[in-house]
Structure formats: C-alpha cells, structure tokens
Amino acid sequence: MGNETICALATAPGGALGIIRVSGPRAFDAVSAICAIRCDAVGANTTHYARIVDHDAASQHQTVIDETLVTVFRAPHSYTGEDSVEISCHGSRYILNKVLELLVQHGCRMANPGEYTMRAYLNGKLDLSQAEAVADLIASTNQATHQMAMSQLRGGISTELSRLREQLLKLTSLLELELDFSDHEDLEFADRSELLSVAKNIDIHITRLAKSFETGQAIKQGIPVAIVGKTNVGKSTLLNRLLKDDRAIVSDIHGTTRDTIEDTIDINGITFRFIDTAGIRQTTDTIEQIGIDRTYAAIAKARIVIWMVDEEPSQEELAKMESLSENKQLIIARNKIDKAESKPFTLANIPLIEISAKHNQNIDQLEQAIYQAADIPVLSDTDIVVTNARHHDALVRAQGHLHRVIEGMGAKMVNGQWSMVNESLSSDLLSEDLRLTLDTLSEITGGQITPNEVLGNIFKNFCVGK
Ligand SMILES: Nc1nc2c(ncn2[C@@H]2O[C@H](COP(=O)(O)OP(=O)(O)OP(=O)(O)O)[C@@H](O)[C@H]2O)c(=O)[nH]1
Ligand SMILES: [Mg+2]
C-alpha cells in the first residue's frame, strides 16, 4: 500500500482556502510536475510560492490553474512518515478538482478515508489508540470531548497500558523462570502471595480503566435527560427555556406534546441531551397512548430524569417517583411558582427545585443540579478516560483472562473481594492465561500484529484527507 502515492482534499469544501495533501514515494515528482518547485531539492519542512500549471503536451499550451503555497515535508519528518506535500490553494471547487486531477495524471491516486492516519500508524508515527484519537479530535464539539481526545492523542492510554504490560511481563518472567527449573521439584521461585498481589493490583487498574468508559461515553454522546410529568405542567416550556429556542409547541391544552423531542445544550462544558416527552395521564386516544409509551422508553434510556409537577404530587405519582429514584438520578422540578395559587411542599429524600419555566426563575439552579446529578468527574489533563468501544471491549476481555490467572493462583471472587480458596495451578497453565491477557491489552495500541480487517474497520470512519 505504501508504494502508492495518495492525494486528497484535507479541508472542508467551501472555505477561502483548500489544502490538498499528497503523500508517498512519488509525492515530490508529482508536485514538481505541476509547478516549478523542485521538491526534492528544497529544504525539508519549507513553504514556497508556486503556480500550478496545466501543461497540454499536444498543443504545448500552458494554463495557470492557481497561485498557491506548497509545503514540503521530507520522510520521516511528516505526518505520515513519508515524503509529503501540502498545497494550499484558493478554495474554488474547480481549482481543487483540477489540481487533484493533475496529480492523478502524474501518478497519484485519490486517498481512502483515514488513509493518511493509517500510514502514520503503519510507519510508527502514532500507535493505534492515538490514531483513533485523531478522529475524535476532529469530531470534538466541546471542552470535555476535546480534552479526552487530546489526552489520548498525547498517548495517555498508551502510557498507562505500557505500565500494566511491564507488570504483566514481570509476572510472566517470574513464572517462566519457575518453568525452566521445573525438574527441581521443590523449587518455587515466585512467591505466590506476591504474584497474587501484583495480579490483583493490575486487576484494579483495568477495572478503573474499563469503568471510565461509562464517563467517556456520556461525555462523547451527551448525557440523556428526560423531562417527564403529568400533562400541562410545563415540560415543553422548560425544554424551550433550556435550549433558548422555541423548539417545542407549548399550549394550555393537556396532551399537547405527542412525540418525544430531543435537543442538546452544554452545561459547564458537558453536553446534555434533553428529551421532552408526552405528559403522562390516562387516555383513550391511541396516538397519545403511543406518545406516553415513548415517554417510558425515554425514561429507560435517560441517565437523569427531571420529574415536573405544578402541584403536590398524589400518592400514586409519588410512588412512581420513588421507584424511579432507585436507578435514575431524579430531580423534581416544581414549576409555575410565579402563580399566586402555587403552594410549596417538600418531599423526603428527593431533591426538589422550585422554578418558573415561563418566567425564567431558578433555571440556573436547575442547570447546576442537572450537572451535579450527571456526576461527571472533573477531568485533569492527566486523567485517562476510555472513550472508544474497541478499547473497552479489549479491556473487558483482558480482564477475563486476568481473572483466570488469579483464580488459577487459588483465589476466588467473593462479594467483590478476592480470597484464597484453593492450591495454585502449575506455572505453565498460569503463564498461558497471562500471555492472553498481555496480547489482548496490546490490541488497544496495536503493539501486536493487528489484522487488516480490524485496521480497515478503524480507519474507514475517518474523513478523506485525514
Ligand atoms: N404561570 C406559568 N405558566 C407556565 C409555566 N410554565 C409553563 N406554563 C404554561 O403551562 C401551559 C402548559 O405548558 P407546556 O409547556 O405546553 O406543558 P407540557 O408539560 O409540555 O404539556 P403536555 O405537552 O401537554 O404534556 C402553557 O400554557 C404554559 O404557558 C410557568 O412557569 N408559569
Ligand atoms: Mg409538552
């Protein structure tokens, strides 16, 4: 694959400038063929003014296509690790297509999605988790997603994993030493209780990493918050207030909202996905009933539920709230406090916030309560959060193998704690599971040989030009 020279537009169409990237063994020749810059002769990492010219061999006629800046990167000091050129053109669709066409005429082919980053990975410029972070960085929409992608790009998870690998390797070598001397029957080099404590420590680290995926997912996809309650309590008014937009229809007719309505806002740099729902009541209207069923589906998906009321809840409503509060973060919002007839009340054990959605009272306070309920740990630059499903999957599988190692040493998980119950297995059996643990962890950074199919899957989600 690296024998081919690739080209693509690296910027989104429609801007004032468009940058075309060229990378591969013929990158310099191809660019030099369409402008007067001798790419192989100029200094590495230098930028030059260049006219791109279309030269018609038959008529000897030359057409200037654009006046550009050409930046030359010499292998291995480029993003891909190959000879590369970036041509900054004017952003006309015609110019950009024409330059690409000329490059293809001179031996390049159009790049596939993610092909530049894939080459960077294959040339050892990035490990696999860093390559994936590039896609996350481009897709980041707020401070939190940006920070997670940056941490991964700087090798956060790779460093953490290499520490775990070192410990696992130490365990393996101790066990293998024992194997080498297995004729000496009474020799047991590795102190099993020490081995066990190293293994348990690795287990704690893997658990923490795997658990951080929940946070990572929440931050990446937005935390779902359902706004529910009886009809006409002001749910749609609240949604509009939070979004600062007239997104949902508001009326004093009960049962106005039928379908769920969803939109996002950022609170303190975290994205929340608010879902306005059909008010809950007994109904004989088939369509409204479908809407109410959707309300329950939205509750099931939500991490936070804002239960809205405009009067003291009945026993029946209270019972529903209490059962919900067992597995959801529940916030009760008493709305319409501006109304003279509105009477305060308190509820045991469930936080209650008094608001007026219509008149914008205490909405800040509600937002802060939502943020608190999300329970997102404040991330520092060094915190490692797993954001990628592939990484999470590898961590869970690695942990499965590690648990077999620990069980092989005679321990058993009882009430979330390891305790010794059996004799340890022989070291050859243990080291087989240890090796599997190591191999599985290595899948994350791609240290082991990663099958082409897996690579294809990772890079196909990139944009062309990355
Ligand atoms: N006085 C007052 N009226 C409000 C307040 N919030 C909403 N309302 C009014 O209450 C009525 C119902 O508001 P909606 O937002 O449509 O209520 P809903 O809960 O979405 O109703 P359904 O979609 O039917 O379930 C409208 O007339 C709103 O103007 C408030 O804070 N104070
Ligand atoms: Mg509504």
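The following passage describes a metal site, a strand, a helix residue and the nonpolar cores of a predicted model. Local features are restricted to pLDDT of at least 70 and side-chain atom pairs to pLDDT 80 or more, whereas totals for chains, interfaces and linings use all residues. Residues are numbered from 1 along each chain as its sequence is written, chains are lettered from A and ligands numbered from 1 in the order in which they are written, and side-chain values use heavy atoms, with hydrogens and water left out.

The magnesium ion (ligand 2) has two protein donors, Ser236 (OG) and Thr257 (OG1), which lie 2.0 to 2.1 Å from the ion. Donors are N, O and S atoms within 2.8 Å of the metal (3.2 Å for Na, K and Ca); water is not among the atoms, so sites may look incomplete. The pair links distant parts of the chain, 21 residues apart: Ser236 belongs to helix α8 (residues 235-243), and Thr257 to the loop between α8 and β8 (261-267). Helices (H or I, at least four residues) and strands (E, at least two) are DSSP runs, numbered from the N terminus. Ser236 and Thr257 are both buried, where buried denotes under 20% relative accessible area, exposed over 50%, and partly exposed in between (1.4 Å probe, protein chains only).

Strand β1 (residues 5-9) is largely enclosed by the rest of the structure, because four of its five residues are buried. Strands are taken to pair if DSSP finds at least two bridges between them. With strand β6 (residues 108-110), β1 runs parallel and shares three bridges; Cys7 has Met110 as its bridge partner in β6. With strand β2 (residues 17-23), the arrangement is antiparallel and comprises four bridges, and the partner of Leu9 in β2 is Ile20.

Ala144 is located in helix α5 (residues 143-153) and counts as buried because its relative accessibility is 8%. Leaving aside residues up to four places away in sequence, Ala144 touches Ile219, Gly269 and Ile270, contact meaning heavy atoms within 4.5 Å.

A nonpolar core is a set of buried Ala, Val, Leu, Ile, Met, Phe, Trp, Tyr and Cys residues joined through side-chain atoms within 4.5 Å. In the largest such core, of 36 residues, Leu238, Phe272, Phe274, Ile304 and Ile370 touch the most other members. Helix α11 (residues 363-374) supplies the largest share of this core, seven residues. A second, separate core of 31 residues includes Leu161, Leu175, Leu395 and Leu441.
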